[in-house]
Amino acid sequence: MNKLFSPPWWATSPHIQTILPFIFKVTKPVTFRQRQELPDGDFIDLDWLGQAQNGEPILVVVHGLEGSTESHYVRRILTEAKKAKITAVVHHHRGCSGEPNRLARSYHSGDVNDLAFTLSQLTHYYPNSPLYAVGYSLGGNVLTKYQGSAQQNSLIEKAVVVSAPLRLAACAKRLESGFSTVYQRFLIKRLQRKMLDKINTADLTAQMPISKKQLKMLNTFYLFDDKVTAPLHGFTGVNDYYQQSSGLNYLQHITKPTLVIHAQDDPFMTDDVIPNKDQLSPMVEYELHPFGGHVGFVNGGWPWKPTFYLEQRIINFLLADNDITTQQ
């Protein structure tokens with residue numbers, strides 16, 4: 001398959017690439033839900049496409065910030081997985097499956113433990129099934145950190161990372177200027193609503209690090225991460241959180257085949273997320289495209305019916321050495 005991505009003339013803008021897929025979503029394949037109880041008393045919901053069979057591959061999908069099975073990119077990869085006749089499972093971050101999680105804590109960009117739990121459960125119940133994974137945006141950063149920290153103990157045979165904010169501080173700064181503030185405002189409002197619900201929950205109110213009044217003032221990721229994300233998840237502050245959680249420094253430690261895809265015009269990021277050769281493990285294949293936006297990569301069709309580069313690229317990379325092939 002040709003790895004080159006080229007957008008159509010009407011989709012060279014990074015904002016068209018980023019927003020259009022959000023507007024024109026494909027129909028989501030039928031999935032069924034499985035709830036995983038966690039050791040700390042919380043839960044994670046998994047959405048399954050197909051019925052897993054021991055010995056057959058399983059594709060684990062890790063969504064981005066405030067994403068879910070309903071996200072446009074998740075719908076598309078599930079559709080492509082169905083065509084390829086591969087079982088897939090969406091790992092929801094805590095509180096992202098449509099029901100609030102039970103604890104004061106939530107999820108964050110470096111939270112590898114929940115992903116590791118899901119992978120260990122899959123390995124336990126399907127010990128002969130190779131596990132593949134694709135992570136998008138925040139989920140891609142989590143996947144990168146998992147691969148780099150677990151190294152040879154990673155339970156994932158192959159991974160694909162898409163549009164990951166591999167240097168969190170730089171990405172947070174990027175979203176404070178220009179049109180990118182639109183994306184920040186949209187996501188911050190969603191995070192604030194979730195946090196407000198927890199502040200209003202009697203059993204959790206005392207555990208919240210801020211008040212309702214303070215919450216309204218947190219209008220950037222930097223402020224939200226400093227006053228909410230960091231204290232809720234055991235970091236000393238936003239800089240400690242960003243330093244420990246950024247995936248960039250983990251790339252050189254990856255020992256399992258991993259494909260990383262970035263667009264240089266991604267409105268969520270700067271060139272600081274682009275690794276140099278010394279930061280890449282020999283097991284990492286890095287693709288940097290001039291265009292593509294944030295989890296966009298529209299490569300054809302028309303604005304009301306776009307086609308995409310990502311899905312076949314992902315499936316072909318993951319299944320390259322298998323007997324399973326995608327339908328061209």
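**Note on salt bridges, a nonpolar patch and a pocket**

1. K83 is partly exposed, with a relative accessible area of 41%, a class that lies between buried (under 20%) and exposed (over 50%), computed with a 1.4 Å probe on protein chains only. The model is predicted, so that local features need pLDDT of at least 70 and side-chain atom pairs count only at pLDDT 80 or more, while totals for chains, interfaces and linings use all residues. Residues are numbered from 1 along each chain as its sequence is written, and side-chain values use heavy atoms, with hydrogens and water left out.

2. The side chain of K83 meets that of E80 in a salt bridge, at 3.9 Å from N to O, where the term requires a side-chain nitrogen of Lys or Arg within 4 Å of a carboxyl oxygen of Asp or Glu. K83 and E80 are three residues apart in helix 2 (residues 72-83), and about one helical turn therefore separates them; helices (H or I, at least four residues) and strands (E, at least two) are DSSP runs numbered from the N terminus. Whereas K83 is partly exposed, its partner E80 counts as buried, at 8% relative accessibility.

3. Over the whole structure the search finds 17 salt bridges. One of them joins R33 to D45, with the closest N and O atoms 3.8 Å apart. Because R33 belongs to strand 1 (residues 32-37) and D45 to strand 2 (residues 43-49), this pair ties together parts that are twelve residues apart in sequence. Here too the exposure of the partners should be read separately: R33 is partly exposed at 43% relative accessibility, but D45 is buried, with a relative accessible area of 2%.

4. The salt bridge between R105 and D111 has its closest N and O atoms 2.7 Å apart, and D111 is buried, with a relative accessible area of 9%. This pair should not be read in isolation, as R105 and D111 belong to a network of salt bridges that also links D40, D42, R94 and D114.

5. A nonpolar patch on the surface consists of W9, I19, F22, I23, F24, F179, V182, F186, W302 and W304, which together have about 1100 Å² of accessible area. Areas follow the Shrake-Rupley method with a 1.4 Å probe, and for residues only the protein chains shown count as cover; patch members have over 30% relative accessible area and no salt bridge, with nonpolar side chains (Val, Leu, Ile, Met, Phe, Trp, Tyr) joined within 5 Å. Helix 1 (14-23) and helix 6 (180-199) each supply at least two residues of the patch, and helix 1 gives the most, with three. W304 sits in the loop between strand 9 (298-302) and strand 10 (305-308), and W304 is exposed, with a relative accessible area of 59%.

6. The lining of the second largest pocket comprises 14 residues, with V26, R76, P306, T307 and F308 nearest its centre. A pocket, on a 1 Å grid over the protein atoms alone, is an open set of points where a 1.4 Å probe fits, with protein on both sides within 12 Å along at least five of seven lines, and lining residues have an atom within 4 Å of a point. Helix 2, strand 10 and helix 10 (310-318) each supply at least two residues of this lining.

7. V90 has its place in strand 4 (residues 87-91) and is buried, with a relative accessible area of 0%. From V90 to P257 the separation is 167 residues in sequence and 21 Å in space, C-alpha to C-alpha.

Key:
Patch = residues over 30% accessible without salt bridge, like charges linked within 9 Å, V, L, I, M, F, W, Y side chains within 5 Å.
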